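Me: I should like to study this protein step by step. Please show me the sequence and the structure before we begin.

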Amino acid sequence: MDMTHAAPNDFDALWMPFTANRAFKQAPRMLARAEGMHYWTPDGREILDGTAGLWCVNAGHGRRQITEAIQRTTAALDFAPSFQMGHPLMFEAASRIAQLTPAGLDRIFFTNSGSESADTALKIALAYHRARGQAQRIKLIGRERGYHGINFGGLSVGGIGANKKQFGPLLGNVDHLPHTHLHANLFTRGQPEHGVEKADALEDLVQLHGPDSIAAVIVEPVAGSTGILVPPKGYLERLRALCTKHGILLIFDEVITGFGRMGAPFAAERYGVIPDMITMAKGLTNAAVPMGAVAASNAIYEAVVDDAPPGIELFHGYTYSGHPLACAAAIATMDIHRDEALPARVLAIEPEWQDAIHSLRDRPGVMDIRNTGLIAGIELRPFEGKPAVRAGRIMQRCFEAGLLIRTTADIVALSPPLIIESAHIDRIVTTLGEAIAAEAA
Ligand SMILES: Cc1ncc(COP(=O)(O)O)c(C=O)c1O
């Protein structure tokens with residue numbers, strides 16, 4: 001029997017992440033197999049993947065090229081240490097990533113997840129300033145409604161109260177910019193008109209904390225986890241200018257916007273705003289093996305590494321940094337992105353995606369629709385006194401009707417694989433539209 005189809009008979013042992021465990025175990029939603037744009041449940045029901053897994057299977061499921069690269073690699077080199085040792089694939093994977101990142105962000109540090117990438121970038125920022133004799137620059141600035149994973153650094157700069165409330169005290173050396181979601185921008189297609197001035201809050205934080213106190217600002221170019229907040233026109237440019245003016249490093253968390261989803265390898269390229277570091281994960285290996293990375297500017301590498309005394313320059317790294325299987329998967333994934341021109345494909349289908357998603361505007365309870373690249377957010381009015389229930393029921397209805405969507409509070413977030421075709425878009429909009437209508441009251 002194919003083990004992927006074996007239905008478990010004991011749900012007790014597993015403590016599931018970011019899941020309502022008790023409710024799930026009463027009525028499990030299980031996925032057993034995947035190919036292309038689809039999952040299949042253990043009983044063989046086809047589920048259209050409207051979320052690329054968790055924003056990560058950008059090239060679609062079951063890519064043989066990636067699987068075979070993993071199989072070949074594990075047979076030849078199951079593991080090699082990356083502390084004071086190397087193996088060819090990690091250098092090749094880093095060079096390939098550096099070809100995709102904006103010019104000048106050519107130094108790649110490997111991690112195993114988006115959370116580890118966020119914490120790594122924050123630590124590199126602190127080490128950079130220290131290496132340049134500015135050890136007093138210790139403030140880390142995030143943004144309300146930002147998500148940078150769940151490790152202590154990323155959680156501290158993150159802007160989601162629910163994620164923090166069980167775990168204090170978090171880092172004390174943090175502050176936050178305001179989020180950019182404005183009523184004036186409702187139902188905007190692409191980048192909103194209003195909100196550039198939200199970046200000026202950084203000037204206030206510089207005044208508040210002192211001119212040489214801030215090490216780094218970390219933002220998602222498009223906030224994903226809190227329901228698709230697309231940057232207002234000019235906002236990222238202004239943030240960049242203010243960071244440069246005050247000697248602050250700008251970090252873009254591109255864990256979901258990286259690897260083609262924005263119609264460019266990274267959002268930095270789509271928006272023409274170049275940060276000092278980019279964090280990435282997810283689409284890097286098409287999620288076939290866990291892997292993350294931080295791309296740092298050459299100036300950062302020179303300060304931390306080239307100008308350091310002999311010996312280990314950065315006391316940071318993970319046992320699995322640059323794991324051979326992950327490197328093999330990353331290289332094969334980048335081959336697919338290149339050969340199938342996935343970013344260009346996104347740009348080509350984006351207008352159709354946008355029109356289709358915005359056609360849901362008049363469905364009951366729809367308060368806002370936002371989109372960019374192959375991402376969309378549909379915000380629903382919560383049921384009176386029952387936050388998240390409406391969207392949760394819509395998610396369940398979609399799953400029963402053969403569509404996987406993701407919800408955060410009462411916002412539906414869509415991020416399908418980049419190989420999506422018109423028929424899939426139609427199906428997403430039809431199924432979701434019916435589910436929204438069914439939860440009208
Ligand atoms: C912007 C961003 N940063 C970091 C993370 C955390 O990534 P991981 O779950 O791989 O740790 C995510 C996950 O969704 C994310 O969207």
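Reply: A residue counts as near a molecule if its C-beta atom, placed from the backbone, lies within 6 Å of that molecule. This is a predicted model, in which local features need pLDDT of at least 70 and side-chain atom pairs count only at pLDDT 80 or more, while totals for chains, interfaces and linings use all residues. Residues are numbered from 1 along each chain as its sequence is written.

Me: Which residues come nearest to the ligand?

Reply: The ligand has 14 residues around it. Those that come nearest are S113, G114, S115, G149 and V255.

Me: Which helix provides the largest share of the shell around the ligand?

Reply: Helices (H or I, at least four residues) and strands (E, at least two) are DSSP runs, numbered from the N terminus. Three residues form the largest share of the shell, and they come from the helix spanning residues 114-131, namely α5.

Me: How many residues of the shell around the ligand are charged?

Reply: Ala, Val, Leu, Ile, Met, Phe, Trp, Tyr, Cys and Pro count as nonpolar, Asp, Glu, Lys and Arg as charged, and the others, Gly among them, as polar. The shell around the ligand holds five nonpolar and seven polar residues, and its charged residues number two.

Me: How many Å apart do the C-alpha centres of domain 1 and domain 2 lie?

Reply: The domain bounds come from an automatic or database domain assignment. Domain 1 covers 3-59 + 341-438, and domain 2 covers 67-339. The distance between their C-alpha centres is 26 Å.

Me: Which element gives the most to the side of domain 1 that touches domain 2?

Reply: Two residues are in contact if their C-beta atoms, placed from the backbone, lie within 7 Å. The contact takes 31 residues from domain 1 and 27 residues from domain 2. On the side of domain 1, the elements that each supply at least two residues include β11 (366-372) and α13 (342-358). With seven residues, the element that gives the most is α13.

Me: Which residue in β3 does Y39 stand opposite?

Reply: Two strands pair if DSSP finds at least two bridges between them. Strand β2 (residues 38-40) and strand β3 (residues 46-49) run antiparallel and are joined by three bridges. In β3, the residue opposite Y39 is I47.

Me: What percentage of the 441 residues is buried?

Reply: A residue is buried if 20 or more other C-beta atoms lie within 10 Å of its own, exposed if 12 or fewer, and partly exposed in between, with C-beta atoms placed from the backbone. Of the 441 residues in the protein, the buried share is 49%.
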